[in-house]
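Thanks, everyone. I have one structure for today. Please have a look at it while I bring it up.

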Amino acid sequence: MDSDLLALTHTGDEYDKYLNAVVPPVFLNSLHLFKTFEEYCNVNVFEEDQFIYGRDSNPTVHILERKVAQLENGVRGVAFSSGMAACSAAIMGICSSGSHIICMKDVYQPVKRLLNQVCVPRFQMEVTYVTGTDLEEIERAVRPSTALMILESPATFIFRVIDLSAVTAIAKKHGIKTYIDNTCLTPLFQKPLELGVDIVMHTISKYIGGHSDIIGGILVSKDEGLMRKIMSEMREWFGGILGPMEGWLAIRGLRTLQARLRQHQETAMEIAAYLEKHEKVKKVNYTGLSSHPQADIIKKQQKGHTSLMSFELDTTPEKAVTFINHLQLFGKGCSWGGFESLALCPLYKAGQEELDFLGVDRGLIRLYCGLEGTENLLEDLEGAFRSI
Ligand SMILES: *Cc1c(COP(=O)(O)O)cnc(C)c1O
C-alpha cells in the first residue's frame with residue numbers, strides 16, 4: 001500500500017468525530033470549553049485531541065500537521081502562518097545567542113536576510129556560507145559553536161542539489177542539527193528525514209496549497225523534544241500559528257497534490273527538453289534533465305522533479321526581459337506552486353559576486369510551469385522566442 005497517497009487523501013477524516021462529514025470542518029473557534037475548572041487545568045496541548053486556545057493549536061490545523069508529519073515520516077508537524085515564520089521558528093528554536101550557523105549560499109533569499117540583518121547583528125550569531133556541494137568545505141566550516149546547518153535541495157536559481165546523506169553524516173558527527181527547505185519537491189518527491197536531516201520545512205504557500213490562495217508554512221521532525229519546544233516557545237509565545245481556514249485549504253490542496261505534481265512534472269520535462277534543444281538557449285537548469293551536472297545525486301535522493309527551472313538565452317540580459325514580457329500565459333510575478341505559470345528574471349538586479357558564484361548572467365530566466373497545458377505553454381514560449 002502507498003501510505004503517502006492515503007495520508008494525502010484520508011488521514012484525519014475520522015468520520016465518527018465529525019458527524020460523518022466526508023470533509024472535516026474548519027474549526028473557527030478561538031477557545032475550547034471544559035465541564036470543570038479541574039478538567040481545564042489538566043489539558044496537555046501536545047496530546048492528541050486536547051485543545052485549549054487557538055494560538056496553541058487548532059483541530060483543523062492539526063489535521064494538516066498529522067498529514068504532513070505522516071508524509072515526511074516524522075513524529076510531529078507544527079504549522080505556521082508562513083514559510084518564513086516556520087523557518088525563523090526553526091532557527092530560533094535550535095540556536096541561541098552566539099550560535100554559529102553553516103548556511104548554503106543559494107538558499108531562499110529572505111533566509112539570508114534574516115540571518116545577516118537580524119540573527120548576526122542582534123543575537124550575536126555567526127554564519128558561514130558554503131556552496132553545499134563541497135563536503136570538505138562544510139567540514140572546514142564546523143566550529144565548536146556550530147548549532148545548525150541550513151540546507152535547500154534543489155536550491156533556488158540553478159537548482160543545485162546537495163548530497164543529503166553525506167552532509168547530514170558530517171553534521172551528526174559533530175552534533176549539529178540540520179534544517180532543510182523541502183518546498184520544491186514536497187514530501188512526495190523527497191523525504192529528507194529519511195536521509196538524516198533533523199527538521200524539514202515546507203512552505204504551504206507553494207505546491208501544498210497549490211492554488212495561489214494561501215500563505216503558510218510547516219515544520220516536521222522525528223525529534224519529539226525539539227518539536228515540543230518549537231510548538232510552545234516558538235509558536236505559542238511568538239504567536240505565529242497557521243489560521244484554521246488556511247489549514248483547511250491546505251488539507252484540500254494535499255488531496256490533489258499527487259495528481260497535480262505529476263502533471264507539473266510532465267509539462268516541465270517537455271518544456272525543459274524543448275528549451276535545451278532551442279538554438280537561442282545557452283543553458284537550461286532543471287533537475288529532470290540528464291545533463292544536470294549532479295544527475296547521480298538527484299537519482300539517489302529524489303523520486304521526482306519540481307516544475308521550476310531556469311535558463312539563459314544566447315543573448316543580452318535586456319533581451320531576456322523582452323522575452324518574458326512577450327509571454328502571454330506565463331505571468332510576471334514572484335512565488336510559484338499554484339495553477340498558473342510564471343516567469344521572472346530573478347537575478348536581474350543581483351550583484352556580480354552572486355552571479356559569479358552561480359555562474360550565470362543577470363538575464364537568467366526562471367520559469368514555473370503551471371497547469372495551462374503543455375502545448376499551450378510551448379506555443380507561448382515559441383511566440384516569445386520570435387520576439388528576440
Ligand atoms: C516561497 C518560499 C519560501 C517562503 O515561504 P512564505 O510562505 O512566503 O514565507 C521559502 N522557501 C521557498 C523555497 C519558497 O519558494
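I will go through two sheets, the helices that pack on them, and one surface patch.

Some ground rules. This is a predicted model, where local features need pLDDT of at least 70, side-chain atom pairs count only at pLDDT 80 or more, and totals for chains, interfaces and linings use all residues. Residues are numbered from 1 along each chain as its sequence is written, and side-chain values use heavy atoms, with hydrogens and water left out.

Now the terms. Helices (H or I, at least four residues) and strands (E, at least two) are DSSP runs, numbered from the N terminus. Two strands pair if DSSP finds at least two bridges between them.

Start with the sheet of 7 strands. It is open, its order is 1-7-6-5-4-2-3, and the pairing is mixed. Which strands stand at the edges? Strand 1 and strand 3 (126–130) do. Each has a single partner strand, so one side of each is left without a neighbour in the sheet. On average, neighbouring strands here are turned by 20° against each other, direction ignored. Angles run from 0 to 180 degrees between N-to-C directions, and axes are lines fitted to C-alpha atoms, for helices over the stretch in contact.

Look at strand 1, residues 76–80. How many of its residues are buried? The count is 5 of 5. Buried means under 20% relative accessible area, exposed means over 50%, and partly exposed is in between, with a 1.4 Å probe and protein chains only. Arg76, Val78 and Phe80 sit on one side of strand 1, Gly77 and Ala79 on the other, and both faces are covered.

The partner is strand 7, residues 217–221. Strands 1 and 7 pair antiparallel over 5 bridges. Phe80 has Gly217 as its bridge partner. Val78 stands opposite Leu219. Strand 7 is mostly covered too, with 5 of its 5 residues buried. Gly217, Leu219 and Ser221 point one way, while Ile218 and Val220 point the other way.

On to strand 6 (residues 199–203). Another 5 bridges join strand 6 to strand 7, again antiparallel. There, Val200 has Val220 as its bridge partner.

Further along, the sense changes. Strand 2 (residues 100–104) and strand 4 (residues 146–152) pair parallel over 4 bridges. Ile102 has Met149 as its partner in strand 4.

Helices next. Helix 5 (residues 109–123) lies across strands 2, 3 and 4, at about 155° to strand 3. Helix 7 (residues 164–173) lies across strand 4 and strand 5 (177–181), at about 170° to strand 4.

Now the other sheet. It is open, with 5 strands in the order 8-9-12-11-10 and mixed pairing. Strand 8 (281–285) and strand 10 (331–332) are the edges, each pairing on one side only. Helix 12 (residues 257–277) packs on this sheet, touching strand 8, strand 9 (308–313) and strand 12 (365–368). Contact means heavy atoms within 4.5 Å. The direction of helix 12 makes about 10° with that of strand 9. Strand 10 pairs with strand 11 (residues 342–344) in the parallel sense, over 2 bridges. Gly331 has Leu342 as its bridge partner.

Last, back towards the start of the numbering. Val23 lies in the loop between helix 1 (3–9) and helix 2 (37–41). Why does Val23 count as partly exposed? Because its relative accessibility is 33%.

That is the tour. Over to you.
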